[in-house]
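New to this one? Here's a quick briefing to read with the model open beside you.

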Amino acid sequence: MNRFNRRDFLKSGAALAASSASVVTASLAQAQQAKIRVGLMLPYTGTYAQLGVAIENGFRLALSERGGKFAGREIEFFKVDDESEPSKAPENANRLILRDKVDVLVGTVHSGVQMGILKVVRETGTLHIIPNAGADDATGALCAPNIFRTSFTNWQPSYPLGKILMERGLKSAVFVTWKYGAGEEALRGFKEGYSKAGGKMVKEIFLPFPNVEFQAQLTEIASLKPDAVVCFFAGGGAAKFIRDYAAAGLKGKIPLFGAGFLTDGVLDATGDAAEGLETTLHYGDGIDTKRNNAFRLAYAKTFKLQPDVYAVQGYDAALLLAAGLDAVKGNIADKPGMIKAMEAAKIDSPRGAWTMSKAHNPIQDIYLRKVVGKENKVTGIAQKALADPARGCKML
Ligand code: BEZ
């Protein structure tokens with residue numbers, strides 16, 4: 001031992017450092033070659049099933065346009081059908097994070113389910129991208145560095161609608177929706193814009209999610225005779241509401257408006273009943289740009305389906321993840337690097353380029369759209385570069 005002098009010690013230390021550095025380099029290289037584990041927690045059954053499928057399709061399209069890899073790394077998907085069922089949300093999110101060990105959790109559609117996911121990703125610090133659910137709190141009071149959204153807040157598309165109604169001289173309105181987070185927050189957003197513009201709410205009418213027996217609500221609307229009806233419905237329920245509204249004889253008598261989810265992805269199921277309906281949303285089929293036209297063509301070719309707002313949001317979720325991974329050269333374990341790049345990303349979206357707010361929600365144009373045949377045609381911009389107020393977010 002005594003013969004082991006300072007020179008030997010330094011030599012052995014250097015050898016040890018060199019060998020542990022090569023272990024670190026090797027394991028980093030290995031980590032960079034392993035597949036990135038992407039959890040998809042989406043509804044694949046129930047009234048929002050089509051929305052979940054469109055989001056996944058959009059995500060996969062962006063991936064295939066990049067040769068099936070982000071920053072040189074292949075992607076492995078782990079899927080859970082969340083059934084739009086809030087009570088199962090924490091268990092489903094934990095299954096992806098703890099059992100499947102996903103690097104990033106992408107989901108979901110339903111705001112109530114989203115609240116359950118938020119609890120889990122805030123506790124675990126899992127990188128999270130929301131490709132639809134508008135729950136205001138996700139980028140409001142519950143905002144966090146690891147939580148990003150590529151869609152909207154429930155407030156965002158509904159707020160500009162109030163001013164539009166008043167410009168048409170529609171001074172009184174009834175709002176009808178499912179009674180859960182998204183409907184209630186869309187109503188709040190609409191009410192804020194409408195009352196600011198001088199409009200008067202006549203009544204707020206609710207029914208349980210995902211109920212589609214609308215007869216009682218339509219009878220009440222007919223007897224109240226407001227200047228306009230505004231609603232939040234989406235997916236299969238939206239198609240049924242549009243058909244029932246026309247069948248009840250209200251179409252043409254009391255104009256119907258809504259956040260654009262009302263008419264997105266449902267026009268094959270509504271027939272003529274949707275013709276002429278006007279809505280506000282951050283996307284429109286008819287956005288006539290090279291970017292949107294190329295996206296629509298590629299989506300239609302790949303999936304034999306027309307894309308909608310949900311497909312765009314899924315596509316953009318993939319673009320956002322790719323932006324993060326490009327910046328850290330595929331090393332998704334570099335969370336601060338990923339977050340910094342995702343915060344700074346400018347997403348070249350089919351909806352038009354958008355950037356992230358400080359609360360991690362898109363700052364985006366809200367379009368005014370009108371149903372013409374099978375298309376949501378863009379007729380104007382309801383509000384340019386609208387940022388959600390992100391009330392209660394501590395990252396502002
Ligand atoms: C939501 O629950 O946040 C939601 C669902 C469908 C369309 C838009 C929002």
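Start with the open sheet in this predicted model: its 6 strands come in the order S2-S3-S1-S4-S5-S6, and the pairing is mixed. At the edges you'll find strand S2 (69-70) and strand S6 (147-149), each with a partner on one side only.

**Around strand S5**
- Strand S4 (residues 104-106) and strand S5 (residues 127-130) run parallel, and 3 bridges join them.
- To spot the pair by eye, look for Val 104, which sits opposite Leu 127 in S5.
- Helix H13 (residues 335-344) lies across S5 and S6, and its angle to S5 is about 25°.

**The largest pocket**
- The largest pocket holds about 420 Å³ of space.
- Its lining is made up of 21 residues, and those nearest the centre are Gly 265, Val 266, Asp 268, Gln 306 and Asp 308.
- Which helix gives the largest share of that lining? That's H2, with 4 residues.
- Helix H2 (49-65), helix H10 (267-270), helix H11 (290-303) and strand S15 (375-386) each put at least two residues into the lining.
- By type, the lining splits into 8 nonpolar, 6 polar and 7 charged residues.

**How confident the prediction is**
- The average pLDDT for the chain is 94, and 92% of the residues score at least 70.
- Residues 1-10 fall below 50 in pLDDT, and this stretch makes 3 contacts in the model beyond near neighbours in sequence.
- Residues 12-17 are also below 50, with 1 contact beyond near neighbours in sequence.

Conventions. Residues numbered from 1 in each chain as written. Predicted model: local features only at pLDDT ≥ 70, side-chain atom pairs only at ≥ 80, totals over all residues. Heavy atoms only, no water. Pairing = 2+ DSSP bridges. Contact = heavy atoms within 4.5 Å. Axes fitted to C-alpha atoms, helices over the stretch in contact; angles between N-to-C directions. pLDDT = per-residue confidence, 0-100. 1 Å grid on protein atoms, 1.4 Å probe; cavity = no way out; pocket = protein on both sides within 12 Å on 5 of 7 lines; lining within 4 Å. Points joined across faces, edges and corners; volume = space filled by probe spheres on them. Nonpolar A, V, L, I, M, F, W, Y, C, P; charged D, E, K, R; others polar.
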